[in-house]
Amino acid sequence: MKSILTILLFSILIVTSCKKEDIKESTNENIPTFTGYTSTAEDGFPTNLHKDTSDWTLNDKWSTIEKELFEDYDSYNESCILDSNIKIYPGYPNAASDVFYISLVKDSTIKFKIRLVNQKFETLASLDSLSHNSIAFDVSEPRSNSESMLRVYYMFITESNCLQKGHGDIKLN
């Protein structure tokens, strides 16, 4: 009986002392800081109050945690020449309190995927098959009083599997 108790105690000790190996590598990575935004009016035109040159581009460099927002990210080719038929315009209005709009240019053969995240990097909206060249997000809910920014991550994928990607920050009113 004493040996069974010893084996059981030893087994419990081994199980509780083991490290968990299934934690994603990105959980140790810092969540990106949302700083700066490009201000736009209700009609989408820039107001020149704030300009963030890293927003609304097509050649972003993403960290591991950003890439993991899209589960098929690694299946695309990032080494492509920028496609001049693809455009994304700064979202509007920025700052936003209710609805935030994004306009883009692409032909029907190009896939567009988008993720809206908060500052804790929680996904608030996810679309993988956008066929229209505009999208609207309700940014009034859900958010806490401490949230001042949201971020949109987006990917354009051509027929030849070429990837162009970027992000845009949304200032909340």
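**Entry 1: the whole chain**

I started with burial, and found that buried residues make up 38% of the chain's 173 residues. A reminder to myself: this is a predicted model. Next I looked up the accessible surface, which comes to about 10800 Å². Carbon and sulfur atoms account for 54% of that surface.

I then turned to contacts between residues at least 6 apart in sequence, and noted that 67% of them join residues at least 24 apart.

**Entry 2: the elements**

I listed the secondary structure and got two helices and seven strands. Reading from the N terminus, I wrote the order down as α-α-β-β-β-β-β-β-β.

**Entry 3: the three-stranded sheet**

Which strands form the open sheet of three? I found S1, S2 and S5, in the order S1-S2-S5, with antiparallel pairing. Its edges are S1 (87–88) and S5 (134–138), each of which pairs on one side only.

I zoomed in on S1 and its partner S2, residues 99–105, and saw that the two are joined antiparallel over two bridges. Here I noted Lys 87 standing opposite Val 105 of S2.

**Entry 4: the four-stranded sheet**

I went on to an open sheet of four strands, ordered S4-S3-S6-S7 and also paired in the antiparallel sense. At its edges I found S4 and S7 (163–171); each has a single partner strand, so one side of each is left without a neighbour in the sheet. I looked up the twist too, and it averages 15 degrees from one strand to the next.

A note for the margin: strands of a sheet pair through backbone hydrogen bonds, in a parallel or an antiparallel way.

For S3 and S4 I counted four bridges, with the strands running antiparallel. Across this pair, Leu 116 stands opposite Ala 125 in S4.

**Entry 5: Asn 118**

I followed the chain out of S3 (111–117) and stopped at Asn 118, in the loop that leads to S4 (123–127). Is Asn 118 buried or exposed? I have it down as buried, because its relative accessibility is 5%, and the cut-off for buried is under 20%.

What does the side chain of Asn 118 reach? I traced it to the backbone nitrogen of Lys 120, at 3.0 Å.

Last, I checked its surroundings, leaving aside neighbours within four places in sequence. Asn 118 is then in contact with Phe 34, Leu 124, Glu 147 and Leu 150.

**Entry 6: to keep in view**

I am keeping Asn 118 bookmarked: it is a buried residue in the loop between S3 and S4, and those two strands pair with each other over four bridges.

How values were computed:
Residues are numbered from 1 along each chain as its sequence is written. This is a predicted model: local features need pLDDT of at least 70, side-chain atom pairs count only at pLDDT 80 or more; totals for chains, interfaces and linings use all residues. Side-chain values use heavy atoms; hydrogens and water are left out. Buried means under 20% relative accessible area, exposed over 50%, partly exposed in between (1.4 Å probe, protein chains only). A polar contact is a pair of N or O atoms within 3.5 Å; within protein, one must be able to donate a hydrogen and the other to accept it, and residues adjacent in sequence count only if both atoms are side-chain atoms. Contact means heavy atoms within 4.5 Å. Accessible areas come from the Shrake-Rupley method with a 1.4 Å probe; for residues, only the protein chains shown count as cover. Two strands pair if DSSP finds at least two bridges between them. Axes are lines fitted to C-alpha atoms, for helices over the stretch in contact, and angles run from 0 to 180 degrees between N-to-C directions.
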